[in-house]
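Dear colleague,

I am handing over the structure below, together with an account of what was found in it. Please look through the sequence and the coordinates first, and then read on.

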Amino acid sequence: MTVRGFSLLEVMVSASLFLVTVSGVVTSTNMLSNMQVHARQMTRAIHLAEFTMEELLLRFNTDPDLDPLQNPHRRDFDVNGEPCAIGDGVYVATWNVSSVPGVATLKKVNVALSWSESGAQKSIDLVTYRP
């Protein structure tokens, strides 16, 4: 009667191949998770910047938020995108309003939205002109 089985060398080789495969899957999962967080934060930032810009475009020219003498203007948003107290926000929207040389009735509005992600400062800028 012969005993069949795997040698120690075969078991060690298969175990090391299994560990390399599992290590690759764990690394890929971690990278995908980080990419998902980045995509979520970037999407929220874009929406908040667009929201701020649209809100400014709906205001009258006499609104204090469109007064170039009060630059820079600021609004903070919490992690869910809700407005919050200045200094408490995860997302910070700042905007500057300036006159366009040669066109007295035209104003340039520049909205910058910034946030911190993985220890690095991120930001996006939107620019538009309004009569």
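**Contacts of L106**

Leaving out residues up to four places away in sequence, L106 touches S98, S99, V100, Y129, R130 and P131. Please keep in mind, here and throughout, that this is a predicted model. L106 has its place in strand β4, and with a relative accessible area of 24% this residue is partly exposed. One of its partners is R130, which is 24 residues apart from L106 in sequence, while the C-alpha atoms of the two are 5.7 Å apart in space.

**The overall picture**

The protein contains one helix and five strands, and along the sequence these follow the pattern α-β-β-β-β-β. For the general shape, it may help to start from the radius of gyration, which is 27 Å, whereas a compact globule of 131 residues would have a value near 14 Å. Taken along the principal axes, the box that the C-alpha atoms fill is roughly 100 × 30 × 20 Å.

Of the 131 residues, 21% count as buried, and the protein exposes about 9,200 Å², of which carbon and sulfur atoms supply 62%. Among the contacts between residues at least 6 apart in sequence, 39% join residues that are at least 24 apart. As for charge, there are 10 positive and 13 negative side chains, and the centres of these two sets lie 4 Å apart.

**The nonpolar cores**

Which residues make up the largest nonpolar core? There are nine of them, namely A45, L48, A49, F77, Y91, A93, L113, W115 and I124. The elements that give two or more residues to this core are α1, β3 (91-100) and β4 (103-117), and the largest share, three residues, comes from α1. Apart from this core lies another one, of seven residues, which include M53, L56, V97 and V111.

A49, a member of the largest core, is in contact with V111, L113, I124 and L126, once its neighbours within four places in sequence are left aside.

**The loop between α1 and β1**

L66 lies in the loop that runs between α1 (8-57) and β1 (73-77). Is this residue buried or exposed? L66 is buried, with a relative accessible area of 0%, and, not counting residues up to four places away in sequence, it touches L56, R59, F60, N61, V97, K107 and R130. Two of these partners, L56 and V97, are also among the residues of the seven-residue core, and R130 is also listed among the residues that L106 touches. By contrast, V3 is 63 residues away from L66 along the chain, and the C-alpha atoms of the two are separated by 87 Å.

P72 is found in the loop between α1 and β1 as well, and the peptide bond that joins N71 and P72 is cis, with an omega of about -10°.

**The loop between β4 and β5**

S118 lies in the loop between β4 and β5 (120-130), where it is exposed, with a relative accessible area of 79%. Although S118 is not a glycine, this residue has a positive phi of about 55°. As background to this point and to the cis bond above, most residues other than glycine have a negative phi, and most peptide bonds are trans.

With kind regards

How values were computed:
Residues numbered from 1 in each chain as written. Predicted model: local features only at pLDDT ≥ 70, side-chain atom pairs only at ≥ 80, totals over all residues. Heavy atoms only, no water. Helix = DSSP H or I, 4+ residues; strand = E, 2+ residues; numbered from the N terminus. Rg over C-alpha atoms; globule rule 2.2 N^0.38 Å. Buried < 20%, exposed > 50% of the residue type's maximum accessible area, 1.4 Å probe, protein only. Contact = heavy atoms within 4.5 Å. Areas by Shrake-Rupley, 256 points an atom, 1.4 Å probe, with all protein chains shown as cover. Lys, Arg positive; Asp, Glu negative; His and termini not counted. Charge placed at Lys NZ, Arg CZ, Asp CG, Glu CD. Core = buried A, V, L, I, M, F, W, Y, C linked by side-chain atoms within 4.5 Å.
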